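Here are a few notes to help you find your way around this structure. Have a look at the view below, then read the points in order.

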Amino acid sequence: MTGLKNKCAIVGIGETAVGKLPTMSSMGIQLDAIRLALKDAQLRPADIDGLLTIQPADDPRRSYALSVAQAAGVRPNYATDLALGGATPVAMVAHAAMAISAGLCEVVVCVLGHKQATGRLGDRRGRLRDGLEDFEEPFGVLGAPAIHAAVAARHMHEYGTTSEQLAAVAVAARRHASLNANATMRQPIAVKDVLESRWIVKPFHLLDCCLVSDGGGAVVVTSSERAGNLPQRPVYIRGFGEGHTLGPLESPGLTTLGGKHSSAVAYRMAEVAPNDIDFAEIYDCFTAITIVTLEDYGFCAKGEGGPWVENGRIEIGGELPVNTHGGLLSQAHIEGMLHITEAVKQLRGDGVEVERQVKDAKLGIVSGHGANLGAHATLILGRQLN
Amino acid sequence: MGDYLKPLPVLDVDGRLFWESCKKHEMALQQCLSCKQFRYPPRSLCPICHFPEAQWTPISGRGQVYVALVMCRSYGPAWEHDVPYNISLIDLEEGVRMWSNVIGCPAEDVKIGDYVKISYEDVTSEITLPKFRKA
């Protein structure tokens with residue numbers, strides 16, 4: 001079942017500045033990302049007939065996609081919000097391909113922009129909630145680190161994974177961010193720095209946890225046929241999949257997540273296997289999630305991810321470069337949208353600083369993960385159609 | 001007890017009977033009247049067999065630690081004096097998993113696999129939290 005393999009391509013990308021953007025609204029960040037993506041694709045607002053958005057937590061207005069469409073001067077034939085947490089950007093690209101292939105629209109913009117760093121809302125304006133707070137917060141289960149630390153604790157217990165191995169993920173991300181002009185944390189670190197950073201929730205140190213950022217990104221998706229008439233080298237959507245879990249309380253275990261099913265669907269559509277992949281942009285909200293996802297994606301066996309990520313294997317120049325932009329851990333937390341724009345740049349072959357270009361990058365895999373362990377989406381992108 | 005500053009559950013339609021059972025120090029869970037599975041968090045349908053009706057059944061209060069974490073960061077003034085504190089995923093004998101705290105020992109001393117027994121904490125006149133102590 002190869003489904004929508006190669007039917008669509010990414011033809012434009014936009015990345016805003018990241019970090020702290022106190023003078024911009026979430027909407028303003030998204031408009032900037034859309035502007036940059038259209039400029040990159042050399043398209044005008046009137047060319048866009050599809051729009052996918054995600055409700056930012058700091059702007060809980062109704063019918064969000066239509067608000068963005070109106071503000072951007074876009075009159076879509078297909079528009080909606082997706083709500084899969086950090087899996088949303090990856091799923092957006094898949095949904096764009098589905099909508100285009102179904103004949104609903106021809107050119108879809110997928111956009112995400114938020115103000116996690118400077119836009120926290122007080123209760124006066126309401127907030128989006130996760131839904132299980134009544135059974136978490138009274139016990140002091142607060143913030144994303146705690147729930148993800150449960151994954152790390154189980155992985156360490158079941159497989160003997162160590163803090164040093166978790167730290168190797170953070171070290172690789174930081175090395176890549178040090179080579180990325182649009183990254184927040186660019187000072188290289190060593191394993192020791194991670195282990196000496198303060199505890200957040202054991203077994204996570206501060207540097208096992210991602211950044212909290214403002215910023216945004218957008219991508220333009222169209223049919224592969226139409227992509228041939230646009231100026232940028234198309235990056236083809238070779239395969240995609242989703243796999244969602246029952247969350248931390250009702251999943252049978254915590255060391256295999258939705259990525260196992262999601263990647264299997266994507267590999268099958270793309271007709272490729274893990275050893276065909278040249279680089280991976282893995283949703284790295286916490287170091288342990290990178291390790292679990294690499295296992296779930298079949299790059300190594302379940303439980304072997306700890307030693308597997310050590311000794312530079314996931315760094316540029318290694319066997320499988322992971323998060324070549326620095327990821328959520330060191331570039332910025334833009335909910336994985338910039339994992340996609342980075343993969344596109346790597347596959348175009350002329351979009352990143354030369355020191356962090358993966359040599360002969362032909363096939364990349366991107367993961368999205370979110371909703372407190374509930375959501376996962378996978379995207380396989382190619383420089384060529386085969 | 002009007003100065004309790006930590007987050008409290010809302011006694012909504014789905015959760016009210018659960019929190020009322022805790023207040024009586026007789027924590028009960030919904031048990032499906034068809035397949036007999038217990039469920040948590042409370043909801044109006046059995047996720048296994050989709051039978052809607054359930055009986056609120058008192059639990060044994062015994063369980064085992066599935067995950068033990070030590071929260072070191074304080075998320076606001078209400079938690080400042082608590083850190084570092086334990087948060088755990090507890091597997092109850094009834095086959096459900098819940099977030100709670102193992103109290104009565106240093107946070108670092110709680111380990112995966114520890115056997116625990118329920119210990120109620122009356123935090124306000126309305127709300128009692130089901131916590132655990134090592135058995």
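1. A word before we start: this is a predicted model. In chain A, 64% of the 386 residues are buried.

2. Turning to the build of chain A, you will find 13 helices and 11 strands. Its radius of gyration is 19 Å, close to the 21 Å that the globule rule gives for 386 residues, so chain A is as compact as a globular protein of that length. Along the principal axes, the C-alpha atoms of chain A fill a box of roughly 55 × 50 × 40 Å.

3. How far apart in sequence are the residues that touch? Taking the contacts in chain A between residues at least 6 apart in sequence, 77% join residues at least 24 apart.

4. Now the outside of chain A. The accessible surface is about 14,100 Å², and carbon and sulfur atoms account for 49% of that. Chain A carries 35 positive and 41 negative charges, and the mean positions of the two sets lie 5 Å apart.

5. Chain B offers a sheet that is easy to trace by eye. Three strands make up this open sheet, in the order β2-β1-β3 (chain B), with antiparallel pairing. At the edges stand β2 (38–39) and β3 (54–58) of chain B, each with a single partner strand, so one side of each has no neighbour in the sheet.

6. For a closer look, follow strand β1 (residues 28–32) of chain B, which is joined to β2(B) by two bridges, the two running antiparallel. Here B:Q31 sits opposite B:F38 in β2(B).

Note on methods. Residues numbered from 1 in each chain as written. Chains lettered and ligands numbered in written order. Predicted model: local features only at pLDDT ≥ 70, side-chain atom pairs only at ≥ 80, totals over all residues. Heavy atoms only, no water. Helix = DSSP H or I, 4+ residues; strand = E, 2+ residues; numbered from the N terminus. Rg over C-alpha atoms; globule rule 2.2 N^0.38 Å. Buried < 20%, exposed > 50% of the residue type's maximum accessible area, 1.4 Å probe, protein only. Contact = heavy atoms within 4.5 Å. Areas by Shrake-Rupley, 256 points an atom, 1.4 Å probe, with all protein chains shown as cover. Lys, Arg positive; Asp, Glu negative; His and termini not counted. Charge placed at Lys NZ, Arg CZ, Asp CG, Glu CD. Pairing = 2+ DSSP bridges.
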